[in-house]
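Subject: Handover of a structure and notes on its contents

Dear colleague,

Please find below the structure that I am handing over to you. My notes follow it, arranged by topic so that you can read them beside the display.

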Amino acid sequence: MATPQDRSALAEHVERLLAAGGPLPIVAAGDPVLRRPTAPFDGQLGPELLTRFVEALRETMRDAPGVGLAAPQVGVGLRIAVIEDPAPVPEEVRVVRGRVPLPFRVLVNPAYEAVGTERAAFFEGCLSVPGWQAVVSRPAAVRLTGQDEYGRAVDEVFTGWPARIVQHETDHLDGTLYLDRAELRSLSSSAAVVERWAQPTPATAAEELGFSL
Ligand code: ZN
C-alpha cells in the first residue's frame, strides 16, 4: 500500500518526465525498473495527469515506432500500457500471423489468461531490447481483464498478433521481458531477421539455428 508521500512523489516524477515535451526516453534492459512488478493504478496520477501521461506514451510508441509501450519502459512503475498496430504487412504475413490492425487503446491494470491450449511461435522484439529479436511461443488466444483509461471494466478475448501484443505488454507490468520466455537459440539481430528470417513463420530459422517450434 503506497503512502500519500509515495503517491505525490510518483505524480511529481511523471510531471518531471512530461515537462521536457516530445517523445519520452525509452529505458533499456538492465534498468531495474523493467524487472520490478508495477503498482496497480488506483488514481495516483489524477485524471488530468493520467491523460497527459497516456498521450506521452502514445507519442513515444508511435515515434519509436512500436506496437505497444508499457509504463516501466519510460521509467514509471505503474500498471499502465498502450497498444496500437496499424499492421502494415503483406497479405501472406497477415494471414499466417493473424496480424490485423489493432486500434489505439490504453490498458489499465491488465491481466491475462490463456484461452484453450493452442500456441503460436513467432519472432518478437522489444523497444527496451533494441536491435534484437527472438522467437517466443505464446498462447494463441488470451482473455484480457482490467480497465481502460476511464476506469471502465475490460473483459475481452484477443487472438492473432493482438494477443501477442497484449501478453508482451502485460508481462512488462509484471517485470517480465520477452527474452524470459524466448527460445534463446533463435536470438537474431534485427538485420538478420530482415535478411534471413523474413518468412511468415520461423520454420526456416528453427531448422537453421537449431531450435524446435
Ligand atoms: Zn517490450
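A charge is said to sit over a ring if NZ of Lys or CZ of Arg is within 6 Å of the ring centre and within 35 degrees of the ring normal. By that rule, the charged end of R58 is placed over the ring of F104, 4.3 Å from its centre. R164 likewise lies over the face of W161, at 5.3 Å from the ring centre. Please bear in mind throughout that this is a predicted model.

The zinc site

Which residues coordinate the zinc ion? They are C126 through SG, H168 through NE2 and H172 through NE2, at 2.0 to 2.3 Å. Written as a sequence pattern, the spacing of these donor residues is C-x41-H-x3-H. C126 belongs to the loop between strand 4 (119–125) and strand 5 (132–139), while H168 belongs to helix 4 (residues 160–173), so the pair ties together parts that are 42 residues apart in sequence. Are C126 and H168 buried or exposed? Both of them are buried.

The sheet of 3 strands

Strand 4 and strand 5, on either side of the loop that holds C126, also take part in an open sheet. This sheet has 3 strands in the order 4-5-8, and the pairing is antiparallel. Strand 4 and strand 8 (182–189) are the edge strands, each pairing on one side only. From one strand to the next, the twist averages 30°.

Strand 4 is joined to strand 5 by 7 bridges, and the two run antiparallel. Within this pairing, F123 has V135 of strand 5 as its bridge partner, and E124 has A134 of strand 5. The hairpin of strand 4 and strand 5 has 6 residues between the strands, and G131 there takes a positive phi near 95°. On the side of strand 8, strand 5 pairs in the antiparallel sense over 4 bridges. V135 appears here too, with E183 as its bridge partner in strand 8.

Helix 4 packs on the sheet of strands 4, 5 and 8. The helix touches strand 4 and strand 5, and its direction makes about 65° with that of strand 4.

An aromatic pair

How many aromatic pairs does the count give? The count comes to 1. The partners are F122 and W161, with 5.7 Å centre to centre and 55° between the planes, and the pair is classed as tilted. F122 is in strand 4 and W161 is in helix 4, 39 residues apart, and the pair thus links distant parts of the chain.

Why does F122 count as buried? Buried means under 20% relative accessible area. F122 has a relative accessibility of 10%, and therefore counts as buried. The same reasoning serves for W161, which is buried because its relative accessible area is 8%.

The sheet of 5 strands

A further open sheet has 5 strands in the order 1-2-3-6-7, with antiparallel pairing. Strand 1 (68–70) and strand 7 (153–159) stand at its edges with a single partner strand each, so one side of each is left without a neighbour in the sheet. The twist in this sheet averages 40° from one strand to the next. Strand 1 pairs with strand 2 (residues 80–85) in the antiparallel sense over 3 bridges, and G68 stands opposite I83 in strand 2.

Helix 2 (residues 46–63) packs on this sheet, where it touches strand 1, strand 2 and strand 3 (102–114). The direction of helix 2 makes about 40° with that of strand 2. Helix 4 packs on this sheet as well, touching strand 1, strand 2, strand 3, strand 6 (141–147) and strand 7. The direction of helix 4 makes about 70° with that of strand 3.

A buried residue in helix 4

V166 lies in helix 4 and is buried, with a relative accessible area of 0%. Not counting residues up to four places away in sequence, V166 touches I83, L107, Y112, V142, L144 and F158. V166 and P110 are 56 residues apart in sequence, and their C-alpha atoms are 8.6 Å apart in space.

Should you wish to begin with one element, I suggest helix 4, which holds H168 of the zinc site, W161 of the aromatic pair and V166.

Yours sincerely

Notes. Residues are numbered from 1 along each chain as its sequence is written. This is a predicted model: local features need pLDDT of at least 70, side-chain atom pairs count only at pLDDT 80 or more; totals for chains, interfaces and linings use all residues. Side-chain values use heavy atoms; hydrogens and water are left out. Donors are N, O and S atoms within 2.8 Å of the metal (3.2 Å for Na, K and Ca); water is not among the atoms, so sites may look incomplete. Buried means under 20% relative accessible area, exposed over 50%, partly exposed in between (1.4 Å probe, protein chains only). Two strands pair if DSSP finds at least two bridges between them. Axes are lines fitted to C-alpha atoms, for helices over the stretch in contact, and angles run from 0 to 180 degrees between N-to-C directions. Contact means heavy atoms within 4.5 Å. Rings of Phe, Tyr and Trp (its six-membered ring) pair if their centres lie within 6.5 Å; planes under 30 degrees apart count as stacked, over 60 as edge-to-face and the rest as tilted.
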